[in-house]
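User: I am new to this structure. Please walk me through the terms and what backs them.

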Amino acid sequence: MLSLSKEETQSRFGVDKAIEHFPSSLTSEEEKYVKTVLQYMDIAYSPERNTGGDSVKHLCAQGNVFEARSTFPTAHTAEEYAESHSHVMGSLKDLHIISFQVVNVKENLVSLRYEATGSHIGDDHNGIKPTKRRGHWSGSGNFIMDEKTALIKHWWKDWDKMQMWKQLGWVRPENDKTEFA
């Protein structure tokens, strides 16, 4: 494993985020898969570039599947996730990925772990006025890539939403009665 600076990742994949742990050698197909996933993540986590599902459609295979039942239960495709995430970013106007802690790839499976941060300085979130509080969290994703198109075919997301919500002041005493957004 090696590490890539922001400049190296930008030059190689078009994304200006450092990668702390990265395989030392990839096939040309694996290189394409990583590029697709990193570009998807870069757009999906950008308050400026993520304008909803259409902003990532060019990176998603037709009929793709997204699974994150505990955090985004109503999103079932990678485009629907980007759409839902764009609404969250309306509240977290400065949300961004700090770095990719690990990116690994084997054939058409890309796995990554990322570190992100953001402050509730935008819109209300589920009726909660901007708290001005900052959150810092990590998440991970496992992506199956379409071998013919190098587009995202399946994505499983895992992230500690409660940790983020506590930091941002979004946890209410009656949350047992409230659906998460």
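User: What makes Ser-111 in β5 the bridge partner of Asn-104?

Analyst: Strands are DSSP runs of E with at least two residues, helices are runs of H or I with at least four, and both are numbered from the N terminus. Two strands pair if DSSP finds at least two bridges between them. β4 and β5 have nine bridges, in the antiparallel sense. Asn-104 with Ser-111 in β5 is one of the bridge pairs. Lys-106 stands opposite Leu-109 in β5.

User: What kind of model is this, and how are residues numbered?

Analyst: It is a predicted model, where local features need pLDDT of at least 70, side-chain atom pairs count only at pLDDT 80 or more, and totals for chains, interfaces and linings use all residues. Residues are numbered from 1 along each chain as its sequence is written, and side-chain values use heavy atoms, with hydrogens and water left out.

User: What lies between β4 and β5?

Analyst: Two residues lie between them, and the strands form a hairpin. Glu-107 in the turn has a positive phi of about 55°.

User: Why is β5 called mostly covered?

Analyst: Buried means under 20% relative accessible area, exposed means over 50%, and partly exposed is in between (1.4 Å probe, protein chains only). Eight of the eleven residues of β5 are buried, so the strand counts as mostly covered.

User: How do you know that β5 pairs with β6?

Analyst: Eleven bridges join them, and they run antiparallel. In β6, Ser-138 is the bridge partner of Glu-115.

User: Why is the pairing in the sheet called mixed?

Analyst: The open sheet has seven strands, in the order β1-β2-β4-β5-β6-β7-β3, with mixed pairing. β4 and β5 are antiparallel. β2 and β4 run parallel, joined by two bridges. β3 and β7 (residues 152-159) are also parallel, over four bridges. There, Phe-66 has Trp-155 in β7 as bridge partner.

User: What makes β1 and β3 edge strands?

Analyst: β1 (2-4) and β3 (60-67) each have a single partner strand, so one side of each has no neighbour in the sheet. From one strand to the next, the twist averages 20°.

User: How do you know that α2 packs on the sheet?

Analyst: Contact means heavy atoms within 4.5 Å. α2 touches β2, β3, β4, β5, β6 and β7. Its direction makes about 155° with that of β4. Such angles run from 0 to 180 degrees between N-to-C directions, with axes fitted to C-alpha atoms, for helices over the stretch in contact.

User: What makes the largest nonpolar core a core?

Analyst: A nonpolar core is a set of buried Ala, Val, Leu, Ile, Met, Phe, Trp, Tyr and Cys residues joined through side-chain atoms within 4.5 Å. The largest has 49 residues, and Tyr-40, Met-41 and Phe-100 have the most contacts inside it. Helix α2 (residues 28-44) gives the most, with eight residues. Met-41 touches residues including Ile-97, Phe-100 and Trp-155, not counting those up to four places away in sequence.

User: How many cavities are there, and what lines the largest?

Analyst: A cavity is a set of points on a 1 Å grid over the protein atoms alone where a 1.4 Å probe fits but cannot get out, and lining residues have an atom within 4 Å of a point. The structure holds two cavities of 30 Å³ or more. The largest has about 100 Å³ of space; a volume is the space filled by probe spheres set on the points, which are joined across faces, edges and corners. Its lining has 15 residues; Phe-72, His-85, Val-88, Trp-159 and Met-164 lie nearest the centre. α4 gives the most to that lining, with three residues.

Definitions and conventions
On a 1 Å grid over the protein atoms alone, a cavity is a set of points where a 1.4 Å probe fits but cannot get out, and a pocket is an open set with protein on both sides within 12 Å along at least five of seven lines; lining residues have an atom within 4 Å of a point.
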